[in-house]
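Here is a short tour of a structure, written to be read with the model open beside you. We will go from strands to helices and then to the place where chains touch.

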Amino acid sequence: MQISENLAYSRILAALQTQAKVIRSPTIIPELADHIACIIEFELAHEPDFDKALQQALEIVCPGGAAEIDENITLLLTFNFSDNMKRLFYGGLCTAFFFIGNGFMFRMLHWPGAGIVLFTGFMALLFVVTPMLITLLLNSLNRISGLELVQQSAAILGCLSFSLGGIFKVQHWPGANISLLFGMLALNVVFMPIFFYRTYKQSLSPAA
Amino acid sequence: MSPELLKGTLTPLILKLLLDRGRMYGYEITQQVKLISRERILLKEGTLYPALYKLLADGLITAEEETAGGRARRYYSLTQAGYTRASEQINLVNDFLDIMREMFTPQPRLGHADI
């Protein structure tokens, strides 16, 4: 089967483009298309049905889709950047949990300084964790499932609303309760169930 | 071949192939590895292309597009920095293999001959 600049080659390109709607390394699609065409020409020449051959070649070259290879390229090229992002995100999350958790303990035990401890935690949640969550969502918008999108959106809205509510509460400003309530609902009713469901599903997969 | 053992040798492998053959394209690299290793090493495309793009970003290889059989084909070849790195990497891998060979070759047990 000779594949040149004809319908067959266009179909390979179209199949790859369908798999990856947004590509960060634009040269990868024609490169993978050439690779697939070579496989069909040399390794699947016995297959008379082009569609079947194309499916088999796609399965060999990019079983996880062309977007996965593109994502791996981006990851490899921006490794240090994503490493620092993770460090900042988990550092901010850890700080927020530490201060909010201890702030609640201080308040329940009527120890002095509860307000400032809580305030620090909410500020970390608002100014470090929430912007990082937004960045992560925007970076992965084209490759995440619907459920993941709902989970991440709930996390952003929940963190934003909860931290603002907390700051308002500490400062005795109006609107704190409704903001806290909305934030807790987004985190507890939407984010948490999806997060645990997805973690459970991942634990069942053979790769885990 | 265990992917664990292959980890870390992919870059030297690509550089060595390009050093030997001048310029190659993606499919050719996978086939050459398959051929030389007598089908014991099967290079996955999902590993090869990210590695090639990383080498390209590091300035160790260069890419030029050509039309082959009516379709665009990307050929890779070593840059000057790539030649230097390839030689260094080949020496490093050979040293490593020598050490491993020494460590994994069964040695006669010594120290119990005083009976």
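Two strands are said to pair if DSSP finds at least two bridges between them. With that in mind, E1(B) and E3(B) run antiparallel and are joined by three bridges. Please remember as you look around that this is a predicted model.

**The sheet of chain B**

The pairing just described belongs to an open sheet of three strands in chain B, ordered E1-E3-E2, with antiparallel pairing. Strands E1 (23–25) and E2 (61–68) of chain B are the edge strands, each pairing on one side only. On average, neighbouring strands of this sheet are turned by 35 degrees against each other, direction ignored. For a landmark, find Tyr25(B), which stands opposite Tyr75(B) in E3(B).

**A residue in H5 of chain B**

Helix H5 of chain B covers residues 80–104 and includes Ile90(B). Is Ile90(B) buried or exposed? Ile90(B) counts as partly exposed, because it has 14 C-beta neighbours inside 10 Å, whereas a buried residue needs 20 or more and an exposed one has 12 or fewer. Beyond its neighbours within four places in sequence, Ile90(B) is in contact with Pro12(B) and Lys16(B). Leu15(B) is 75 residues from Ile90(B) in sequence, yet the C-alpha atoms of the two are 8.6 Å apart.

**Helix H6 of chain A**

Over in chain A, helix H6 spans residues 114–139. Its 26 residues should span 38 Å at 1.5 Å a residue, and its end C-alpha atoms are 36 Å apart, so the two values agree. H6(A) does have a kink of about 30 degrees at Val129(A), shortly before the proline Pro131(A). Val129(A) is also one of the buried residues of this helix, among them Val117(A), Phe122(A), Leu125(A) and Leu133(A). As general background, residues three or four places apart in an α-helix point the same way, because there are 3.6 residues a turn.

**Where the chains touch**

The contact between the chains takes 21 residues from chain A and 15 residues from chain B. On the chain B side, these elements give two or more residues each:

| Element | Residue range |
|---|---|
| helix H3 of chain B | residues 26–36 |
| helix H4 of chain B | residues 45–57 |
| strand E3 of chain B | residues 71–78 |

Which element gives the most to this side? H4(B) does, with seven residues. By type, the chain B side divides into six nonpolar, four polar and five charged residues. Strand E3 of chain B thus appears twice in this tour: in the sheet and in the contact with chain A.

Definitions and conventions. Residues are numbered from 1 along each chain as its sequence is written. Chains are lettered from A and ligands numbered from 1 in the order in which they are written. This is a predicted model: local features need pLDDT of at least 70, side-chain atom pairs count only at pLDDT 80 or more; totals for chains, interfaces and linings use all residues. Two residues are in contact if their C-beta atoms, placed from the backbone, lie within 7 Å. Helices (H or I, at least four residues) and strands (E, at least two) are DSSP runs, numbered from the N terminus. Ala, Val, Leu, Ile, Met, Phe, Trp, Tyr, Cys and Pro count as nonpolar, Asp, Glu, Lys and Arg as charged, and the others, Gly among them, as polar. The expected span of a helix is 1.5 Å times one less than its number of residues. The bend at a residue is the angle between axes fitted to the seven residues ending there and the seven starting there. Axes are lines fitted to C-alpha atoms, for helices over the stretch in contact, and angles run from 0 to 180 degrees between N-to-C directions.
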